[in-house]
Amino acid sequence: VSIVGFDNIAIAAYTVPPLTTVSQSGIEMGRASASLLLDMIESDRTGDEVADIVLQPTLVVRDSTARSRDLD
């Protein structure tokens, strides 16, 4: 059995076994949001007038997952 968490909360690295998790960079999301918001204010644009921003999450592999038997 393999278990994967989401959001890479701080405690995930300290569970037994350490939890593999998908990490969304909260700092990068905050920076992108603030930048977009300031640009909208300065340009007097609404949310409908700006492009969506997609940030790539990352997989943080720890000990709660095992290599697939199909790959061996």
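**View 1. G5 and its partner across strands 1 and 2.** In this predicted model, G5 lies opposite T21 of strand 2. F6 likewise has a counterpart in strand 2, namely V22. Strand 1 and strand 2, the latter covering residues 20–23, are parallel and are connected by three bridges.

**View 2. T21 and the pairing of strands 2 and 3.** T21, which faces G5, also stands opposite V60 in strand 3. The link between strand 2 and strand 3 consists of three bridges, and these two strands run antiparallel. In general, the strands of a sheet pair through backbone hydrogen bonds, in either a parallel or an antiparallel manner.

**View 3. The three-stranded sheet and its edges.** The strands form an open sheet in the order 1-2-3, and the pairing is mixed. Strand 1 (4–6) and strand 3 (58–60) each have a single partner strand and occupy the edges, so one side of each lacks a neighbour in the sheet. On average, neighbouring strands of this sheet are turned by 25° against each other, with direction ignored.

**View 4. Helix 1 and the residue that follows.** Helix 1 comprises 18 residues, 26–43. At 1.5 Å a residue, helix 1 should span 26 Å, and the C-alpha atoms at its ends are 25 Å apart, which agrees with that expectation. D44, placed just after helix 1, adopts a positive phi of about 55°.

**View 5. Order of the elements along the chain.** The secondary structure amounts to one helix and three strands. Read from the N terminus, these elements follow the order β-β-α-β. Residues 24 or more positions apart supply 58% of the contacts in the chain that have a separation of 6 or more.

**View 6. Dimensions and surface of the chain.** What radius of gyration does the chain have, set against that of a compact globule of 72 residues? The chain has 18 Å, whereas such a globule would have a value near 11 Å. Along the principal axes, the C-alpha atoms fill a box of roughly 55 × 30 × 15 Å. Buried residues make up 14% of the 72 residues of the chain. The accessible surface is about 5900 Å², and carbon and sulfur atoms contribute 57% of this area.

Note on methods. Residues numbered from 1 in each chain as written. Predicted model: local features only at pLDDT ≥ 70, side-chain atom pairs only at ≥ 80, totals over all residues. Heavy atoms only, no water. Pairing = 2+ DSSP bridges. Helix = DSSP H or I, 4+ residues; strand = E, 2+ residues; numbered from the N terminus. Axes fitted to C-alpha atoms, helices over the stretch in contact; angles between N-to-C directions. Expected span 1.5 Å × (residues − 1). Rg over C-alpha atoms; globule rule 2.2 N^0.38 Å. Buried < 20%, exposed > 50% of the residue type's maximum accessible area, 1.4 Å probe, protein only. Contact = heavy atoms within 4.5 Å. Areas by Shrake-Rupley, 256 points an atom, 1.4 Å probe, with all protein chains shown as cover.
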